[in-house]
Amino acid sequence: MDTGLFKIPIVFASGLMRAKNSPEDKVLDIGTGTGVIPILMEARYRGHDYIGLEIQEDVADMARRSVAFNNLTDRIVIENIDVKDALSLYKPGSFDVITTNPPYIKENDGLINPNDTKALSRHELSVTLEDVVRISSKLLKNKGKFYMIHRPSRLMEIMSVMREYNLEVKRLRTVHSYVDKEASMVLIEALRDGGAFMKVEKPLIIYDSDGKYMEEVGEIYYGE
């Protein structure tokens, strides 16, 4: 059974795949890791303009190899840059959709993993929540969609920062490993310059009592 960070693309995708995105959308994935989210989105929407940003050179290289293995180099571009440099590459209002699974632990909270890759993925060492939201707001078109997965413990902070930068939360869904466990993550869909109306959806449960993926998760991730 996979645990920890591996399941994040699964639950993130479960929210993205239910959105009504267009194949014509220009999509940016911030902190793309190995490129799972752009690859999954292309498979569902057949879009042709996906960009993944990844600060870690070795991880970005893995993402490029994954894109090439799936014959998607004409649709998905992986950039090895810091998200804070994105505004030097792209004009404001360049993107219809932005997705992100940012570091979810503040720099001074918790133990820092000695493995640099995991540390940068989990802790706000190179980029903060506010950095991601501020830059995303500038890069999104008016009424552009913003998707984030984060920790429930920071939900109030997330919503406050988003509103500060004109991103209004429209859809929220908590994620639970099992039906009797508390939420481990929260999936958020926001709209740039959107109105103040939010829908709280039913919880997303990852595993059934036997440790197998729930039907919804299996359908999204494996096409079952």
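Let's start with Asp131, a buried residue whose relative accessible area is 16%. Here buried stands for under 20% relative accessible area, exposed for over 50%, and partly exposed for anything in between, using a 1.4 Å probe and protein chains only. Keep in mind that this is a predicted model, where local features need pLDDT of at least 70, side-chain atom pairs count only at pLDDT 80 or more, and totals for chains, interfaces and linings use all residues. Residues are numbered from 1 along each chain as its sequence is written, and side-chain values use heavy atoms, with hydrogens and water left out.

Asp131 belongs to helix α6. Helices (H or I, at least four residues) and strands (E, at least two) are DSSP runs, numbered from the N terminus. What does Asp131 form a salt bridge with? The partner is Arg134, and the closest N and O atoms are 3.2 Å apart. A salt bridge, for our purposes, is a side-chain nitrogen of Lys or Arg within 4 Å of a carboxyl oxygen of Asp or Glu. The two residues sit 3 residues apart in α6 (residues 129-139), about one turn of the helix. An α-helix has 3.6 residues a turn, so residues three or four places apart point the same way. While Asp131 is buried, Arg134 is partly exposed at 25% relative accessible area. The two side chains are also joined by a polar contact of 3.2 Å. That term covers a pair of N or O atoms within 3.5 Å; within protein, one must be able to donate a hydrogen and the other to accept it, and residues adjacent in sequence count only if both atoms are side-chain atoms.

Zooming out, the whole structure holds 12 salt bridges. Another one links Arg65 to Asp61, with 2.3 Å between the closest N and O atoms. Both residues lie in helix α3 (residues 57-69), 4 residues apart, so about one helical turn separates them. Asp61 is partly exposed, with a relative accessible area of 35%. Then there's Glu157 with Arg154, whose side chains meet in a salt bridge at 3.0 Å, N to O. In that pair, Arg154 is buried at 7%, whereas Glu157 is partly exposed at 29%.

Salt bridges also link Glu42, Arg46 and Arg75 into a network. Glu42 is one of the buried residues of helix α2, which also include Ile37, Leu40 and Tyr45. In fact, α2 (residues 36-45) is mostly covered, with 7 of its 10 residues buried. Arg46 comes just after α2 and takes a positive phi of about 60°.

Now for the rings. Rings of Phe, Tyr and Trp (its six-membered ring) pair if their centres lie within 6.5 Å; planes under 30 degrees apart count as stacked, over 60 as edge-to-face, and the rest as tilted. The count comes to 3 aromatic pairs. Tyr90 and Phe95 have ring centres 5.3 Å apart and planes at 80°, so this pair is edge-to-face. Both Tyr90 and Phe95 are buried. By contrast, Tyr207 and Tyr213 are stacked, at 5.5 Å centre to centre and 10° between the planes. Tyr207 is buried at 4% relative accessibility, and Tyr213 is buried at 18%. Ring pairs connect Tyr178, Tyr207 and Tyr213 into a cluster.

Back at Phe95, the charged end of Lys26 sits over the ring, 5.2 Å from its centre. The rule for that is NZ of Lys or CZ of Arg within 6 Å of the ring centre and within 35 degrees of the ring normal.

Next comes strand β4 (residues 95-100), largely enclosed by the rest of the structure because 5 of its 6 residues are buried. β4 pairs with strand β1 (residues 27-30) in the parallel sense over 4 bridges, where two strands pair if DSSP finds at least two bridges between them. Strand β5 (residues 140-150) pairs with β4 too, in the parallel sense and over 5 bridges. Which residue of β4 is the bridge partner of Asp29? That's Thr99, and Thr99 also stands opposite Tyr147 in β5.

Finally, look at Thr73, in the loop between α3 and β3 (76-79). Thr73 is exposed at 57% relative accessibility. Leaving aside residues up to four places away in sequence, Thr73 touches Val67 and Ala68, with contact meaning heavy atoms within 4.5 Å. His48 is 25 residues from Thr73 along the chain, and their C-alpha atoms are separated by 9.8 Å.
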